[in-house]
Amino acid sequence: MKKSRLKPMLLCCLLTTAAPLAAAEGIQLNLSASAQRDIANDQISATLYVQQSNSQAAVLADRLNKATANGLAQGRAYGHVQLSSGSYSTWPSYDKNGKITGWQGRSEIQLKSKDFTQAAELIAKLQQTMLLEGVQFGVSDEARRNAEQGMIPEAIASLKNQAEVAARALGKNAVSIQQLDIGQQNHGFRPPVMMMKSAMASGEANVSQPDLQPGQTQLQLQVSGKVELK
């Protein structure tokens, strides 16, 4: 008789405990949002190089080394421009019978600066003895961090707005963000740059400064998170 009395009591307790748990259960959503900003490019980078050939590998290496050292030395007069050595390589030239007839080599200098005036002047000077491979513009780390500080609240607000819209549609009243991941994506472009021919190619003694048009880069910051609706 005691067993028959305990079973109903146990069943009643289970039902009483399960009711609040079911009521407390919410709906979980995985949402993402983003914020974009167009930021003026404030940094320039360029690659200049010298390429030569010679029948003797040692002579070729000596000329490449001197040309590179001369370019780096010229850059020391520009305090706001950072110069560094780039790639350096030599390779043999062959005749139709596969015999080595000489050597070719290439040495690069990498240029980086936030001062476009000094960069343009130095590029023009280096083009008197070197060739310009390309110029790229971008956003500096400092400008990127400043832009992200403004985009983070904007992206989070957009994610919360999505959650609130979903909550109303599902008949829920409360929104709780359980997890949030913040990342970034960069969508940049390199605008056309007007460059004068180098003295090596045109035979002129001097090279006009390039007309640098930095343009803009679109920065995008994305947030994603797990949201619970109650």
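## Overall architecture

Helices, with at least four residues, and strands, with at least two, are DSSP runs numbered from the N terminus. On that basis the chain of this predicted model holds 5 helices and 7 strands. Read from the N terminus, the order of the elements is α-β-β-α-β-β-α-β-α-β-α-β.

Of the 230 residues in the chain, 31% are buried. Among contacts with a separation of 6 or more, 81% join residues that stand 24 or more positions apart. The chain exposes about 14200 Å², and carbon and sulfur atoms supply 51% of that area.

## Helix H3 and its surroundings

Helix H3 covers residues 116–126, and its buried residues are Ala 119, Ala 120, Leu 122, Ile 123, Ala 124 and Leu 126. An α-helix has 3.6 residues a turn, so residues three or four places apart point the same way. The buried residues of H3 pack against one helix, H2 (57–75), and against strands E2 (43–54), E3 (81–94), E4 (100–113) and E5 (131–138).

The N-terminal end of H3 is capped by Asp 115, which places a side-chain oxygen 3.1 Å from the backbone nitrogen of Thr 117.

## Salt bridges

The count of salt bridges comes to 5. One of them pairs Glu 108 with Arg 106, with the closest N and O atoms 2.9 Å apart. Both Glu 108 and Arg 106 are buried. Arg 106 also forms a salt bridge with Glu 133, where the closest N and O atoms are 2.3 Å apart. Arg 106 lies in strand E4 and Glu 133 in strand E5, so this pair ties together parts that are 27 residues apart in sequence. Arg 106 has a relative accessible area of 15% and is therefore buried, whereas Glu 133, at 48%, counts as partly exposed.

Another salt bridge joins the side chains of Lys 114 and Glu 142, at 3.7 Å from N to O. This pair links distant parts of the chain, as Lys 114 sits in the loop between E4 and H3 and Glu 142 in helix H4 (residues 141–169), 28 residues apart. Lys 114 is partly exposed, with a relative accessible area of 46%; Glu 142 is also partly exposed, with 47%. Salt bridges that share partners join Arg 106, Glu 108 and Glu 133 into one network.

## A buried glutamate without a salt bridge

Glu 228 belongs to strand E7, residues 216–229. Glu 228 is buried yet has no salt bridge, and the nearest side chain of opposite charge, that of Lys 230, is 4.2 Å away. A salt bridge requires a side-chain nitrogen of Lys or Arg within 4 Å of a carboxyl oxygen of Asp or Glu, so the 4.2 Å separation from Lys 230 does not qualify.

The side chain of Glu 228 does make a polar contact, at 3.3 Å, with the side chain of Gln 178. Leaving aside residues up to four places away in sequence, Glu 228 touches Gly 26, Ile 27, Gln 28, Ala 174, Val 175, Ser 176 and Gln 178.

## A nonpolar surface patch

Val 175, which touches Glu 228, is also part of a nonpolar patch on the surface. The patch is formed by Val 175, Ile 177, Leu 180 and Ile 182, which together have about 280 Å² of accessible area. Ile 182 is in strand E6, residues 175–187. With a relative accessible area of 46%, Ile 182 is partly exposed.

Methods
Residues are numbered from 1 along each chain as its sequence is written. This is a predicted model: local features need pLDDT of at least 70, side-chain atom pairs count only at pLDDT 80 or more; totals for chains, interfaces and linings use all residues. Side-chain values use heavy atoms; hydrogens and water are left out. Buried means under 20% relative accessible area, exposed over 50%, partly exposed in between (1.4 Å probe, protein chains only). Contact means heavy atoms within 4.5 Å. A polar contact is a pair of N or O atoms within 3.5 Å; within protein, one must be able to donate a hydrogen and the other to accept it, and residues adjacent in sequence count only if both atoms are side-chain atoms. Lys and Arg count as positive and Asp and Glu as negative; His and the chain ends are not counted. Patches are made of residues with over 30% relative accessible area and no salt bridge: like charges are joined within 9 Å, nonpolar side chains (Val, Leu, Ile, Met, Phe, Trp, Tyr) within 5 Å. Accessible areas come from the Shrake-Rupley method with a 1.4 Å probe; for residues, only the protein chains shown count as cover.
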